[in-house]
Amino acid sequence: MSDRKHNSSLNSLGIKSLLGTEFLEKSQIETIIKYSFLFKKLVDEGRPIPQTLAGKTVILLFFEASTRTRSSFELAAKRLGATTLVLTKEGTSTEKGETLVDTARTIQAMRPDALVLRHSSAGSPFHLNQILNVPVINAGDGFHEHPTQALLDLMTLQEFKGRIEGLKILIVGDIAHSRVARSNIYALKKMGAEVSVCGPPTLLPPKVEQMGVEVHYELDKAVKNKDVIMTLRIQFERLNSGQSPSRGEYSKFYGISESILKLAKPDVLVMHPGPVNRGVEISPEVADGSRSIILNQVGNGVVVRMAVLHLLTGGELIEAKV
Ligand code: CP
């Protein structure tokens, strides 16, 4: 399932598709973050956005629910001048039994310039990347990866902490079922952060320490000296009854509350990819409090997806225009 199709003539990233942070090099992550900040500057200053996707079509196949990722990809593509087409499971021939591959081939026949895919099957973007000749962007595949979420998280850390290297980051919760955790672990480690994970043993993947992370089971000990706490949504829809803790029990042992924050560094930041189970993995006071950068993550999601679409579709260098 490798995407090591490096070819400098493809685009300035040198990859055809964005399938996962596992396959990105540090320099590629840096390039995406650099372009994200360039686009953010233009957006924040209300200046004209280079229409680098004018005349191009971006198709968004969202076969799993999404608010943030879907709307920010669509907004990103439109801000760059692309035409967009959003297809969901409901109302398409998927409901009649058409396979994902047949749907993708049908779409390719309409000559899009990029395809963004969210799907419940881990590996589905890799499969489409093998058979399609346009960039495929993974917008979340099952438990596997969610690379643009990790990239927007890294951009937000860079923005608020001024660096990623050396940051002590704790990821809390359902690591086993979290594509966000997996993509973040790969990306953060490549950028030199120190990553720890904490959660109930049933929600940590076997041999997670082999990903180069420190493993904790007790939250009050895990948060000590951390710069950033990244808490995750408990994915009740993906858990079987044996794995699923009660909401109250989970909140008591692994919920991020004001009293837990007091044990971390005074300037600790709290992140969450959303959507939030308020009162379960995070208290409303923390989610809405001064340490939370959850809505900054959402805002940065748009410019990160602008950068990814721009770079993968062969976008020109825009530094001179910023
Ligand atoms: N973070 C994230 O992927 O959110 P959505 O499911 O709303 O896209």
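In this predicted model, lysine 40 and glutamate 159 pair up through their side chains in a salt bridge, with N and O 3.5 Å apart. Lysine 40 sits in helix 1 and glutamate 159 in helix 5 (residues 147-161), so the bridge ties together parts of the chain that are 119 residues apart in sequence. The two partners differ in how much of them shows at the surface: lysine 40 is buried, at a relative accessible area of 18%, whereas glutamate 159 is partly exposed, at 32%. The cut-off for calling a residue buried is under 20% relative accessible area, so lysine 40 falls into that class. As general background, side chains of opposite charge can pair when their charged atoms come close.

That pair leads on to the overall layout. The protein chain splits into two domains: domain 1 is made of two stretches, 4-145 and 299-321, while domain 2 covers 147-293. Their C-alpha centres are 26 Å apart. To the contact, domain 1 brings 34 residues and domain 2 brings 26 residues. Between them the two domains bury about 2,500 Å², and carbon and sulfur atoms account for 65% of that area.

Polar links also cross this boundary. There are 2 salt bridges across the interface of domain 1 and domain 2. Glutamate 64 and arginine 179 form a salt bridge as well, their side chains meeting at 3.0 Å from N to O. Counting polar contacts between the domains, with both residues at pLDDT 80 or more, gives 13 residue pairs. On the side of domain 1 that touches domain 2, the elements giving two or more residues are helix 1 (26-44), helix 2 (68-79), strand 3 (114-119), strand 4 (136-141) and helix 11 (294-312). Helix 1 gives the most to this side, at 8 residues. Sorted by class, the side of domain 1 that touches domain 2 has 14 nonpolar, 10 polar and 10 charged residues.

Back to salt bridges, this time over the whole model: the structure holds 11 of them. One joins glutamate 45 to lysine 41, with 3.0 Å between N and O. Both ends of this bridge are partly exposed, glutamate 45 with a relative accessible area of 42% and lysine 41 with 38%. The pair is also part of a wider arrangement, since a network of salt bridges links Lys41, Glu45 and Arg47. Elsewhere, lysine 221 forms a salt bridge with glutamate 218, and here the closest N and O atoms are 2.7 Å apart. Glutamate 218 counts as partly exposed, with 43% relative accessibility.

The backbone has a few spots to look at too. In general, most residues other than glycine have a negative phi, and most peptide bonds are trans. Against that background, the peptide bond running from glycine 274 to proline 275 is cis, its omega being near -10°. Proline 275 belongs to the loop between strand 9 (269-271) and helix 10 (284-287).

Positive phi values turn up at two non-glycine positions discussed here. Lysine 207 has a phi near 60°, and this lysine is in the loop between strand 6 and strand 7. Lysine 207 is exposed, with a relative accessible area of 57%. Asparagine 225, likewise not a glycine, has a positive phi of about 65°. Asparagine 225 lies in the loop between helix 7 (219-222) and strand 8 (228-231), and at 51% relative accessibility it counts as exposed. The bar for exposed is over 50%, so asparagine 225 makes it into that class.

The loop between strand 6 (194-198) and strand 7 (214-216) also contains threonine 202. Threonine 202 is partly exposed, with a relative accessible area of 43%. Its C-alpha atom is separated by 35 Å from that of isoleucine 32, a residue 170 positions away along the chain.

Notes. Residues numbered from 1 in each chain as written. Predicted model: local features only at pLDDT ≥ 70, side-chain atom pairs only at ≥ 80, totals over all residues. Heavy atoms only, no water. Domains from an automatic or database assignment. Contact = heavy atoms within 4.5 Å. Buried area = accessible area lost by both parts, 1.4 Å probe. Salt bridge = Lys/Arg side-chain N within 4 Å of Asp/Glu carboxyl O. Polar contact = N/O pair within 3.5 Å; in protein donor to acceptor, adjacent residues only side chain to side chain. Helix = DSSP H or I, 4+ residues; strand = E, 2+ residues; numbered from the N terminus. Nonpolar A, V, L, I, M, F, W, Y, C, P; charged D, E, K, R; others polar. Buried < 20%, exposed > 50% of the residue type's maximum accessible area, 1.4 Å probe, protein only.
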